[in-house]
Number of protein chains: 2
Amino acid sequence: MRDHSLPGTPGTVFIRRRAAEDARKAIHGSATLQGLSEIFKMLGDETRLKICLVLARRELCVNDVAGLVGLSESGVSHQLRIMKAMRLVKYRKEGKMTFYMLDDDHIEDLIRLGVRHVSE
Amino acid sequence: MRDHSLPGTPGTVFIRRRAAEDARKAIHGSATLQGLSEIFKMLGDETRLKICLVLARRELCVNDVAGLVGLSESGVSHQLRIMKAMRLVKYRKEGKMTFYMLDDDHIEDLIRLGVRHVSE
DNA sequence: GTCTCAATTGAACAAATGATCATGTATCGA
DNA sequence: TCGATACATGATCATTTGTTCAATTGAGAC
């Protein structure tokens with residue numbers, strides 16, 4: 001018996017080896033996959049999606065973001081901290097306020113493309 | 001008196017009213033937001049991401065998908081059921097096997113755009 | 001019929017997630 | 001200095017999520 005195994009699950013016998021080998025090449029490296037799932041996961045939450053939308057090409061303070069997306073200031077602050085860690089937003093402090101703004105060129109494009117998908 | 005608040009926390013006093021009103025227009029309707037978060041959430045998992053990649057432009061049986069993405073057949077079957085419910089994949093039964101294939105034009109584009117983001 | 005294989009399904013579980021509340025910090029005005 | 005504000009942070013909690021295991025279905029082989 002030939003072993004048709006390929007990288008993936010060790011010892012797997014592939015039923016359509018040719019197609020499987022071809023498909024194997026379509027899988028990105030694990031670093032890329034991790035980065036991909038990270039942005040998509042970030043966009044996979046309605047609240048963060050709204051935060052991205054209101055902060056696109058416009059800076060807003062935490063209070064206003066909270067009012068717009070319908071979440072407490074604390075909640076917004078938590079989410080912004082995550083987005084800040086991902087370098088998706090930049091911020092500027094002015095007095096007791098902090099103004100945030102989207103700082104990523106691709107987020108808007110991704111959302112735009114997503115909208116096209118939703119609209120079938 | 002009519003309520004002009006579209007999304008958001010009712011009764012919020014906005015600090016930058018002009019900017020906030022402008023930002024409010026950037027928020028999509030709740031149906032669109034829901035649809036958006038649904039695809040992004042679906043792409044926000046490395047396993048499903050890999051499944052999408054191997055099933056793009058190529059049909060594979062569950063066994064081979066499992067071998068490629070490194071998950072049990074059961075696990076793959078569960079995920080495919082979700083993706084089937086979202087009408088992202090189509091399937092074809094042949095004997096005791098089921099061949100799945102990506103059936104959505106935008107998924108590949110979204111991933112491609114995502115890769116561009118990851119590559120900075 | 002029986003046996004095996006591919007896939008599906010349901011239950012169970014740990015881990016991750018998003019929100020809330022309470023508290024802490026820093027800034028401004030009175 | 002006192003209080004109010006804008007925001008940040010830590011802890012907690014209820015859901016949700018992804019995986020695994022066990023059991024089941026259905027189709028071909030014998």
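The legends below describe close-up views of a predicted model of protein chains with DNA.

**View 1. The protein surface around DNA strand D.**
Around DNA strand D there are 25 residues, and those that come nearest are A:Ser74, A:Ser77, A:Tyr100, B:Arg48 and B:Ser74. Sorted by class, this surface consists of twelve polar, seven charged and six nonpolar residues. Sugar or phosphate accounts for 67% of the atoms of DNA strand D that lie within 4 Å of the protein, and bases account for the rest.

**View 2. Polar contacts to DNA strand D from A:Val62, B:Arg48 and B:His78.**
In the side chain of B:Arg48, an N or O atom is 2.4 Å from a phosphate oxygen of the strand. A:Val62 approaches a phosphate oxygen through a backbone N or O atom, at 3.0 Å. For B:His78 the partner is a base oxygen, 3.4 Å from an N or O atom of the side chain. The elements that give two or more residues to the surface near DNA strand D come from both chains: helix 4 (62-69), helix 5 (73-85) and strand 3 (97-102) of chain A, and helix 3 (46-54) and helix 5 (73-85) of chain B. Helix 5 of chain A gives the most, with five residues.

**View 3. A:Asp64, a buried acidic side chain without a salt bridge.**
A:Asp64 is placed in helix 4 of chain A. The nearest side chain of opposite charge is that of B:Arg16, 6.5 Å away. A salt bridge requires a separation within 4 Å, so this pair does not count as one. The side chain of A:Asp64 instead reaches backbone nitrogens of chain B: that of B:Ile15 at 2.8 Å and that of B:Arg16, also at 2.8 Å. Leaving aside residues up to four places away in sequence, A:Asp64 touches B:Val13, B:Phe14, B:Ile15, B:Arg16 and B:Ala20.

**View 4. The salt bridge between A:Asp22 and B:Arg58.**
Side chains of opposite charge can pair when their charged atoms come close. The side chains of A:Asp22 and B:Arg58 meet with an N to O distance of 3.0 Å. The pair joins two chains, because A:Asp22 lies in helix 1 (residues 17-24) of chain A and B:Arg58 lies in the loop between helix 3 and strand 1 (60-61) of chain B. A:Asp22 has 40% relative accessibility and so counts as partly exposed, whereas B:Arg58, at 13%, counts as buried.

**View 5. The salt bridge between B:Arg16 and A:Glu59.**
Here the N to O distance is 3.8 Å. The pair crosses between chains, with B:Arg16 in the segment before helix 1 (17-24) of chain B and A:Glu59 in the loop between helix 3 (46-54) and strand 1 (60-61) of chain A. B:Arg16 counts as partly exposed because its relative accessibility is 33%; A:Glu59, at 24%, is also partly exposed.

**View 6. A salt bridge within helix 6 of chain A.**
A:Asp109 pairs with A:Arg112, and their closest N and O atoms are 3.1 Å apart. Both residues lie in helix 6 (residues 105-118), three residues apart, which is about one turn of the helix. A:Asp109 is partly exposed at 31% relative accessibility, as is A:Arg112 at 45%.

**View 7. A network of salt bridges that includes residues of chains A and B.**
The linked residues are A:Arg16, B:Glu59, B:Arg92 and B:Glu94. Over all chains, the model has 14 salt bridges.

Terms used. Residues numbered from 1 in each chain as written. Chains lettered and ligands numbered in written order. Predicted model: local features only at pLDDT ≥ 70, side-chain atom pairs only at ≥ 80, totals over all residues. Heavy atoms only, no water. Near = heavy atom within 4 Å. Polar contact = N/O pair within 3.5 Å; in protein donor to acceptor, adjacent residues only side chain to side chain. Helix = DSSP H or I, 4+ residues; strand = E, 2+ residues; numbered from the N terminus. Nonpolar A, V, L, I, M, F, W, Y, C, P; charged D, E, K, R; others polar. Buried < 20%, exposed > 50% of the residue type's maximum accessible area, 1.4 Å probe, protein only. Lys, Arg positive; Asp, Glu negative; His and termini not counted. Contact = heavy atoms within 4.5 Å.
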